[in-house]
Amino acid sequence: MMRHLLLVFLLLHGVAAAGNQPAAKPAAAKPPAAKWKTLSGNAPLVIARGGYSGIFPESSQFAYQFALATSLKETVLLCDLQLSKDGAGICHSNLKLDNSTTISTAFPKRDTTYSVNGQSLHGWFSVDFTSDELLGNVTTIQNIFSRPSIFDGNLPLSMVQDITGFHPSQFWLNVQYDMFYKEHKLDPAKFVLTASEKVVFDYISSPEIGFLKSLSGKLGKAKTKLIFRFLDADAVEPSTNQTYSSILKNLSTIKSFASGILVPKSYIWPVNKDNYLEPSTTLVTDAHNLGLEVYASNFANDQPASYNYSFDPTAEYLQFTDNPNFSVDGVFTDFPSTASAAIACLAHNKDNAAAKKKRPLIITRNGASGVFAGCTDLAYQQAVKDGADIIDCSVQMSKDGVAFCLDSADLMGDTTAMDSFMSRSALLPEIQKSNGIFSFDLTWSEIESLKPMLANPLSSANLVRNPAAKNQGKFMTLAKFLDFAKSSTVSGILINIENAPYLASKKGLDIVTAVSSALINASYDKQITQKVLIQSDDTSVLSMFKNNSSYKRVFKVEETISDAPKPAVDEIKQFADAVNIAKTSLIASSNSFLTSFTPVMDKMHAANLSVYVTGLRNEFVSIPFDCFSDPTVEIATYAAGLAVDGIVTEFPATASAYFRSPCSDVEANLPFSILPVEPGSLLKEAQPELLPPTQAPAPALDAADIVDPPLPPVVKVSETAPGAAPASSQTHPSGQPANAADAALCLLMMMLGFIYLSCH
């Protein structure tokens, strides 16, 4: 029954994606195949380690089936061989079974301790159990805690012969512990030779030279490739008692018993102590010159490698397969669909322009703020280099009236203001709930004295962005931003305006006029070559720009919503041409699983409002499990699946790479494509009792929360007491100044009255 359900899910995954697409175009004549720098000249292989182990328990039936359904048809299934007490072969990556199966629960008193290659290991081992005990009592569980656990305990261990039942294009058997099993009177080589009479092994790998030599010439007519697997450089190969680093120095000796090598990826692209890439080694070139294939291991979307990749797993695959000097012959991965996409869709596209057909705009959030500190010159330069269509400036005001770009009026998060101006901190409930050091309380020269600070919104998950560039870059005034944008290749700009009522009524700062004047001075009110988007969560701000038809007004919906009733949409339509809305308002989610599409997208489009989706990041913890910890799949889900009009991102390079790819064309007839996901499909495969509690839905958008009162007049600061609001200020649905008597002013008047009475 469970296998049937999985097949239904796999069908839904493909059909649902196709259902949102127009009929495919007839297949066009294929361009000449790209020449790869692999040993054979063919595309690198994708080897699924234990199937799709990034989602399902590794080496389970679901994991193997899902790998084949979502990846290139040439994908290789990997089985790590373990032997039972009665000599049966099972697939499991670790010699110990207790970390990724329920064996400790099924047999709580049968743990033991063994010496393995000179190290003492305690746990539950396959050699102590018969195959009937293992298959009848033990099920698989996820062994990495950051991955979904809702499939735990439902799927049995897979036997070696089970893998051929999935009809993979190729089958790879890894034999890690030959000497250990021989010590327990079990012979992996004998098992392989017997099994090979019925099972085709395309590849057999091992870190033990003696085992590989024992198979030499004994596999008959089978075209099995023997691959020597390197472990950590300081580990000792048990057949020769040499370290793997020593063996690496003499690759020519490997050629006598193997046709290739499998190495940790760090053997090829070392990473320094600061987690940045060092220059590549010559290993791949040296091995290829000897006629040895090279396969790289340890790829996983949810195990960030170097900061150089900006949390984009496809960038790492391309580093190993699509660099100018070499390509590995295959990659071992827990997420084979991502490796497939990198090879089939993203490789050899670096110089391609993004598709000219209608597609979502790539809109930055504070420039390329996933790479450099937001709203700095470096962040904007990187955004242009990375292929952004629209670069944005969230306008803030200094005390002396200079408009500049920064994500928030509070300088504490994006600058080093706390080091110098902590005494200026204040609690302003009209702006935010916590204390801050606000730009409108510092002069521009004081702000210029600060250093920018790269934001790390997911530091609680120990995910830090590009620390080497933490304080690099310079702040940009709005005028300089506009000059930069005009001279760049971007197709437009987005200007975000916030806190206008507060700035006018309490600080005497007219942010609307500052923006309008800057646009006029830069001739953006007349030119037509670049789009101008004016964004605000305040309808009164947007209404101030309604007379310029060349500006497109964007209403920012700050909160997550589950619906957009017609009255609310009609209110927005009076003031805006587009909405900027959180990704969770378009696709509902619960406990990191997508659950359903909301009606918000359709209702906004029905009113002819463009929809820009925000909240897309590259860090895997921000991506639903349904998208396989792959930011490109999440982009495809909103772009191809929902047809949003814009993707607002801190990592424009990832979005640009997708839109440069032929796989972004939903009408193309391709052998492999990056499919949008169907919300709810993954959850359906779990047992109901294992599902986490459903989270309450977000509220619907309320029409009463849309329209804001007119902006208050800009007061002269000298006319008000510090922090005082003029009596004319009104209640603001977006949380701006309210029409109330100023407490400080009332207190001052009471004190003066008391002094007057005391003197008379």
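**Gln142, the disulfides and helix 20 in the predicted model**

The backbone oxygen of Ile55 lies 3.4 Å from a polar atom of the Gln142 side chain. The model in which this contact occurs is a predicted one. A second backbone oxygen, that of Phe56, is also reached by the side chain of Gln142, again at 3.4 Å. Gln142 itself belongs to the loop between helix 4 (131-137) and strand 6 (158-159). With a relative accessible area of 5%, Gln142 is buried. Leaving aside residues up to four places away in sequence, Gln142 touches Ser53, Ile55, Phe56, Pro57, Asn99, Arg147, Pro148 and Asp152. Ile55 and Phe56 thus appear both among these contacts and as the residues whose backbone oxygens face the Gln142 side chain, Ile55 at 3.4 Å and Phe56 at 3.4 Å.

The cysteines were examined next. A disulfide is a covalent bond between the sulfur atoms of two cysteines. With a cut-off of 2.5 Å between sulfur atoms, the count comes to 3 disulfides. When the bonded cysteines are counted along the chain, the disulfides follow the pattern 1-2, 3-6, 4-5.

One disulfide joins Cys79 to Cys91, with an S to S distance of 2.0 Å. Cys79 lies in strand 2 (residues 76-83) and Cys91 in strand 3 (residues 89-91), so this pair ties together parts that are 12 residues apart in sequence. The torsion about the S-S bond of Cys79 and Cys91 is about -100°, and the disulfide is therefore left-handed. Cys79 is buried, at a relative accessible area of 0%, and Cys91 likewise counts as buried at 0%.

Another disulfide is formed by Cys393 and Cys405, whose sulfur atoms are 2.0 Å apart. Here the pair ties together parts 12 residues apart in sequence, because Cys393 is located in strand 16 (residues 390-397) and Cys405 in strand 17 (residues 403-405). A torsion of about -105° about the S-S bond makes the disulfide of Cys393 and Cys405 left-handed. Cys393 has 0% relative accessibility and counts as buried; Cys405, at 0%, is buried as well.

The sulfur atoms of Cys345 and Cys663 are 1.9 Å apart and form a disulfide. This pair links distant parts of the chain, 318 residues apart: Cys345 is in helix 12 (residues 336-346), whereas Cys663 is in the loop between helix 24 (652-660) and helix 25 (743-759). The disulfide of Cys345 and Cys663 is left-handed, since the torsion about its S-S bond is about -75°. Both Cys345 and Cys663 are buried.

For Cys375, the closest cysteine sulfur is that of Cys405, at 5.8 Å, which is too far for a bond. Cys375 counts as buried at 0% relative accessibility. Cys627 is also buried, at 1% relative accessibility.

Helix 20 (residues 566-575) was considered separately. Its buried residues are Ala568, Val569, Ile572 and Phe575. Viewed down the axis of helix 20, these buried residues fall within an arc of 120°, so they line one face of the helix. On the other side of helix 20, the exposed residues are Lys566, Pro567 and Gln574. The buried residues of helix 20 pack against two helices and two strands, namely helix 19 (539-543), helix 22 (600-606), strand 20 (551-556) and strand 21 (578-582).

Terms used: Residues numbered from 1 in each chain as written. Predicted model: local features only at pLDDT ≥ 70, side-chain atom pairs only at ≥ 80, totals over all residues. Heavy atoms only, no water. Buried < 20%, exposed > 50% of the residue type's maximum accessible area, 1.4 Å probe, protein only. Helix = DSSP H or I, 4+ residues; strand = E, 2+ residues; numbered from the N terminus. Arc of directions from axis to C-beta. Contact = heavy atoms within 4.5 Å. Polar contact = N/O pair within 3.5 Å; in protein donor to acceptor, adjacent residues only side chain to side chain.
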